[in-house]
Amino acid sequence: MTAEMVPASWRDAIEPVLKSPEARKLGGFLTAEEKAGKRIFPPRGTRLRALELTALDDTKVVILGQDPYHGAGQANGLAFSVSPGVKVPPSLVNIFKELESDLGAPRASQGNLENWARQGVLLLNNALTVEEGRAASHQKLGWEAITDAAVAAVAARAVPTVFMLWGSHARNKAARIEGLGSPHHLVLTAAHPSPLSAHAGFFGCRHFGKANAFLIANGREPIDWQIGKFPDRDRSIR
């Protein structure tokens, strides 16, 4: 990965990390894995999609995931999101259940979250790639420094922002927020929406309503969390 690949609004924050030995090692690892015939998700060209669709200055809410879905055709570069036509994964089903309970939004039948991203919801995974069929296989290989830098860049702004931290991997990034302007921000924590943990504190967290109440109280436009049909790719509602 080179600095030129990073969307312009994020470049100042992330470019220094790309010069590190860890980032160079990560790039070499990914190239070698793909040359060896391993399938890496999401495909090249979509791995920074969260940063492409949500500019730093437009970020209102940050939702942190662990790593991309590891099934063929699922990962699309946005945390928890899947492409049109792909079956909604269990964790996202639970997110939609909580959204319905919290705000009364009709439960969605498709799982592409691009509409959230275009409104200023940064859907960022902790690691931005994964090997097919091997969950968490690219954790602790260098992605964390890059995503830490992105989170720190958001937290360093004086602009009131909501951070939704679901599960231990997301909560581990809280230190990147607490030391960088947290009085301006709302940090919400809960269990991960996975079926294994959703009943341990994700259901009933009411993060979506809390996020919108905070944004409105601070003079920012709330998020339309309702998921409809796949949005027009040319439409920007930022």
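In the predicted model, Trp-166 has Ala-190 of strand E6 as its bridge partner. This pair belongs to the junction between strand E5, residues 162–166, and E6, where 5 bridges join two strands that run parallel. Strands of a sheet pair through backbone hydrogen bonds, in either a parallel or an antiparallel manner.

E5 and E6 form part of an open sheet of 4 strands, arranged in the order E3-E2-E5-E6 with parallel pairing. The edges are occupied by strand E3 (121–125) and strand E6 (186–190); each has a single partner strand, so one side of each lacks a neighbour in the sheet. On average, and with direction ignored, neighbouring strands of this sheet are turned by 15° against each other.

Helix H6, which spans residues 143–155, lies across strand E2 (61–65) as well as E3 and E5. Relative to E3, helix H6 runs at about 155°. H6 also packs with another helix. Two packed helices are described by the angle between their axes and the distance between those axes. For helix H1 (residues 8–18) and H6, the axes come within 9 Å and cross at roughly 150°. Because angles over 145 degrees count as roughly antiparallel, H1 is classed as roughly antiparallel to H6. The crossing of the two helices is right-handed. On the H1 side, the contact is made by Trp-10, Ala-13, Ile-14, Val-17 and Leu-18, while H6 contributes Ala-145, Ile-146, Ala-149, Ala-150, Ala-153 and Val-154.

Two loop residues were examined individually. Asn-76 is located in the loop between E2 and helix H4 (90–103). With a relative accessibility of 5%, Asn-76 counts as buried, since the cut-off for burial is under 20%. The side chain of Asn-76 is joined to that of Ser-81 by a polar contact of 3.0 Å. When neighbours within four places in sequence are left aside, the residues in contact with Asn-76 are Pro-42, Thr-46, Arg-49, Ser-81, Val-82, Ser-83 and Asn-112.

Arg-206 is placed in the loop between E6 and helix H9 (207–217). The relative accessible area of Arg-206 is 39%, so this residue is partly exposed. Apart from neighbours within four places in sequence, Arg-206 is in contact with Glu-98, Ser-101 and Asp-102. Between Arg-206 and Gln-110, the separation is 96 residues in sequence and 21 Å in space, taken from C-alpha to C-alpha.

Definitions and conventions:
Residues numbered from 1 in each chain as written. Predicted model: local features only at pLDDT ≥ 70, side-chain atom pairs only at ≥ 80, totals over all residues. Heavy atoms only, no water. Pairing = 2+ DSSP bridges. Axes fitted to C-alpha atoms, helices over the stretch in contact; angles between N-to-C directions. Contact = heavy atoms within 4.5 Å. Buried < 20%, exposed > 50% of the residue type's maximum accessible area, 1.4 Å probe, protein only. Polar contact = N/O pair within 3.5 Å; in protein donor to acceptor, adjacent residues only side chain to side chain. Parallel < 35°, antiparallel > 145°, perpendicular 65-115°, else oblique. Left-handed = near helix turned anticlockwise from the far one by under 90°.
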